[in-house]
Amino acid sequence: MKEYSYKDIQKITKAGIMFRDGYELLFEECRSGWCAERKIKREQSCCVAERDCLAKIPYFMFYSENKVKVLFNKRGILGKRKNEKDFHSLQLLLNKLGFTSYDLT
């Protein structure tokens, strides 16, 4: 499993997420992984990740071949507030792109 901080994201497109180190996470691969793990047909879900905003460090876990965990771990006086904002921004962007994430909270 790979772990990245949200700040490591270079860009997000309809195809996936590009991280600063050059790694590219593909949403369709994550969708296939999610469905395979749940033993459901690919056509039955648009889910690509699970999320937990109440974890000690909030995260999204994407179901690519090698799972990728995106952590919201900013620190400092406004860290918690920024993490919440970034977390919800990612969730809304996924929805706009036609994908969903499973809420673990």
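What percentage of the 105 residues in the protein do buried residues make up? In this predicted model, the buried fraction amounts to 39% of the 105 residues. The accessible surface of the protein comes to about 6,600 Å², and carbon and sulfur atoms contribute 51% of that area.

The fold contains two helices and eight strands. Read from the N terminus, the elements follow the order β-β-β-β-α-β-β-β-α-β. The radius of gyration is 13 Å, close to the 13 Å given by the globule rule for 105 residues, and the protein is therefore as compact as a globular protein of that length. The C-alpha trace spans about 45 × 30 × 25 Å along its principal axes. Among contacts with a separation of 6 or more, 49% involve residues 24 or more positions apart.

Aromatic side chains were examined next. Rings are treated as a pair if their centres lie within 6.5 Å, and by this rule the protein has twelve aromatic pairs. In one of these, Phe19 and Tyr23 have ring centres 6.3 Å apart and planes at 35°. Planes under 30 degrees apart count as stacked and those over 60 as edge-to-face; the angle of 35° falls under neither heading, so the pair of Phe19 and Tyr23 is classed as tilted. The two partners differ in exposure: Phe19 is buried, with a relative accessible area of 0%, whereas Tyr23 is partly exposed, with a value of 21%. Because buried means under 20% relative accessible area, the 21% of Tyr23 places this residue in the partly exposed class.

A tilted arrangement is also found for Phe27 and Phe62, whose ring centres lie 6.3 Å apart with the planes at 35°. This pair links distant parts of the chain, as Phe27 belongs to helix H1 (residues 27-38) and Phe62 to strand S6 (residues 59-62), 35 residues apart. Phe27 is buried, with a relative accessible area of 0%, and Phe62 is likewise buried at 0%. Both residues belong to a cluster, linked by ring pairs, that is formed by Tyr6, Phe27, Phe60, Phe62, Phe72, Phe87 and Phe99.

Positively charged side chains are also placed over aromatic rings. The charged end of Lys2 sits over the ring of Tyr23, at 4.5 Å from the ring centre. Tyr23 thus has Lys2 over its ring and is paired with Phe19. Elsewhere, Arg38 lies over the face of Trp34, 3.7 Å from the centre of the ring.

Notes. Residues numbered from 1 in each chain as written. Predicted model: local features only at pLDDT ≥ 70, side-chain atom pairs only at ≥ 80, totals over all residues. Heavy atoms only, no water. Phe/Tyr/Trp six-rings, centres within 6.5 Å; stacked < 30°, edge-to-face > 60°. Buried < 20%, exposed > 50% of the residue type's maximum accessible area, 1.4 Å probe, protein only. Helix = DSSP H or I, 4+ residues; strand = E, 2+ residues; numbered from the N terminus. Lys NZ or Arg CZ within 6 Å of the ring centre and 35° of its normal. Rg over C-alpha atoms; globule rule 2.2 N^0.38 Å. Contact = heavy atoms within 4.5 Å. Areas by Shrake-Rupley, 256 points an atom, 1.4 Å probe, with all protein chains shown as cover.
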